[in-house]
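Thanks for coming. I will take a few minutes to walk through one structure, so please have the sequence and the model open.

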Amino acid sequence: MDTVPAEQHSALGEEYENQPVPLSARRSLFSVSAVWVGFPMIMTSAVFAGIVVYNLGFVMGLVAILAGDLILMGYVGALSYQAGRSGKNFALTAADTFGTKGFRVVSAFLSVLVIGWFAFQTGMVGSTLNLSMGWSAPWITLLAGVLFVALTFVGIRAISWIGVVASALFIPLGVVAVILAAGNAGGLGAALDYPGGAGASAFSFGVAVTMVFACFADSGTMTADFTRWARNGREGALAAFSAFPVAYLIAQLVGALVVALGAAAAPEVAGGDFLHVLVGGGGILVPLAIVFVFVNLGSVCAHCLYNGAVGFGNITGKTMRQLTIVLGVVGTVAAVAGIWSYFATWLNILGVLVPPIGVVLILDQLVFAHRRSTAALAWKPFAAWGIGAGGALLTHYYAPQLSDAVVAMVIGGLAFVALTYLPVRAAQPVLAGETA
C-alpha cells in the first residue's frame, strides 16, 4: 500500500487531473480566493468596461456592468459551491452530467476557448508595450509566452501567488491612473456627466451585459478547476464571490473612470486601457507600468492555460504539466501571429454557446441530482445546451437589444427542466390475447 502523501509524488505538487482533490490536500479560503481574485482584476476588464461606458455613458454603463457582475456572481458561485463539495475539476464534473464519453465534447470545447484567451492576452502584452513604449510586439509577445508557460508549469501554487501580486499591483496603480485622469478633467465629478462617445453607432444595454458576462464565461464555467481546492462548498462559493463581483468590479471601475474622465487614448477600441496614463506620469511609474503589464496579464494567462491543460489532461490522460508545454507553445505561436485581433469573434461565440453549459451543470447537480442516471452520452444535457444556444443565436439576429448570454441561460435552463421531467416509457411486452 502506498503510504506516501499524494502531494509528495511530484516535487512541484500533485494537481489531481483525474481524481477529486482529497480533503487532506484542500487549501484555505485565502489561498483559493487568491487564485480567483487575481484573475478578473486585470487590464482586460478595464478595457471592456471602458468600451461599455463609451457606448452607454457612465451611469448607464455602470448599471450594465453591475448587472453582468451579479449574473456572474450567481453563475460562478453556484458552480464553485458544487466544486468545493465534490473536489472535482471541470472535466470530472462535466462527466457526471454529460456522460463518461460526452464530457469530452464539452471539456474540449471550453479548453480550446481558454487557450484562445491565453493567446489573446499574451498578444496583448506585446501590443500594449508596443503602443506605450515602442517595443517590438512580436518579440515581447514571445518573451511573455515563455514566461507565462513557465509560471503555469509550476501549478496551482504559483497561480495563487501571482494572483496576490497582480491584485496588489493593480489597486494602487489603478488609483494613480484615476487620480491623474481626474486631475486633467477637473475632478471625479466630471465622470457622472459623461454621455458616451459612440453616438448613433452605440450598442445596446443587452449587448453590454453580454460583453461583461462573456469576458469570463469560459473560465467562469470551468471554475471547478480552481475552486475544487476549497475545503467545502461554502468556501468554494466565497472564493468565487471575491472575484465576482469584488475584484472584477474594481478593475471595471478604473476602466470606466478613465474613459468617462476623457483620459482614454482610443476608447472605442482600447476602452479603459490606462497604461499610457501611467507612462505619461513619468518617473517611477514607467518601470512600474512595464512590470504591471507582465504580472497583470501573466495572471490571467496562467489561469487560462491551466484551465486548458487540466481539461485536455483529463481527456488525453496526460498530465497537466505535459499539456501546459504543448498548449503553451500553440497559444504563444498564435499570439505572435496576431490572433488577438479577432477578439470580437471570440466574444460572440462565448456569449451564445457557453452559458447554457453552466446552467445545465448547476441544475443537474444542485437541483436534479436525484434524477440523474449514469450514461456514456447523456442526450438531455446536450439537447438543452443546443436549445439554449439556438435561442441566443435567434436573439442575436432578431432582438439585438436583449442579452444573448441571459437568453441562452434562461432558455437552456427551461429546456433542461422540461427534458428532466419528460416521461420515458419503457416498452411493455404485449401478452397473448391482448391488442397492442
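I begin with a term needed later: a helix here is a DSSP run of at least four residues, H or I, and helices are numbered from the N terminus. Please also keep in mind that this is a predicted model.

First, the chain as a whole. Its secondary structure consists of 19 helices and zero strands. The radius of gyration is 22 Å, close to the 22 Å that the globule rule gives for 436 residues, so the chain is as compact as a globular protein of that length. Along the principal axes, the C-alpha atoms fill a box of roughly 90 × 60 × 40 Å. Of the 436 residues, 57% are buried.

Now to helix 18. This helix covers residues 379–398, which is 20 residues. At 1.5 Å a residue it should span 28 Å, and its end C-alpha atoms are 28 Å apart, so the two agree. Which residues of helix 18 are buried? They are Lys 380, Pro 381, Ala 384, Trp 385, Gly 388, Ala 389, Gly 391, Ala 392 and Thr 395. Viewed down the helix axis, these buried residues fall within an arc of 165°, so they line one face of the helix. The general background is that an α-helix has 3.6 residues a turn, so residues three or four places apart point the same way. On the other side of helix 18, the exposed residues are Trp 379, Leu 394, Tyr 397 and Tyr 398.

Helix 18 also takes part in a pocket. The second largest pocket has a volume of about 270 Å³. Its lining has 14 residues, and Arg 371, Arg 372, Ser 373, Lys 380 and Pro 381 lie nearest its centre. Lys 380 and Pro 381 were also in the list of buried residues of helix 18. Which helix gives the most to this lining? Helix 18 does, with three residues. Helix 19, residues 404–420, also supplies at least two. By type, the lining of this pocket divides into seven nonpolar, three polar and four charged residues.

Next, some single residues, starting with two glycines. Gly 298 is in helix 14, residues 285–316. Its relative accessibility is 0%, so Gly 298 counts as buried. Gly 298 and Phe 39 are 259 residues apart in sequence, while their C-alpha atoms are 9.5 Å apart in space. Gly 123 sits in helix 5, residues 103–133. At 2% relative accessibility, Gly 123 is buried, because the cut-off is under 20%. The C-alpha atoms of Gly 123 and Thr 332 are separated by 8.0 Å, with their positions 209 residues apart along the chain.

Ser 28 belongs to the segment before helix 1, which is residues 29–37. Ser 28 is partly exposed, with a relative accessible area of 30%. From Ser 28 to Gly 313 is 285 residues in sequence and 25 Å in space, C-alpha to C-alpha.

Last, the backbone. Most residues other than glycine have a negative phi, and most peptide bonds are trans. Tyr 16 has a positive phi of about 55° although it is not a glycine. Tyr 16 is in the segment before helix 1, and it is buried, with a relative accessible area of 1%. The peptide bond from Phe 244 to Pro 245 is cis, with omega near 20°. Pro 245 is in helix 11, residues 233–260.

Terms used: Residues numbered from 1 in each chain as written. Predicted model: local features only at pLDDT ≥ 70, side-chain atom pairs only at ≥ 80, totals over all residues. Heavy atoms only, no water. Expected span 1.5 Å × (residues − 1). Buried < 20%, exposed > 50% of the residue type's maximum accessible area, 1.4 Å probe, protein only. Arc of directions from axis to C-beta. 1 Å grid on protein atoms, 1.4 Å probe; cavity = no way out; pocket = protein on both sides within 12 Å on 5 of 7 lines; lining within 4 Å. Points joined across faces, edges and corners; volume = space filled by probe spheres on them. Nonpolar A, V, L, I, M, F, W, Y, C, P; charged D, E, K, R; others polar. Rg over C-alpha atoms; globule rule 2.2 N^0.38 Å.
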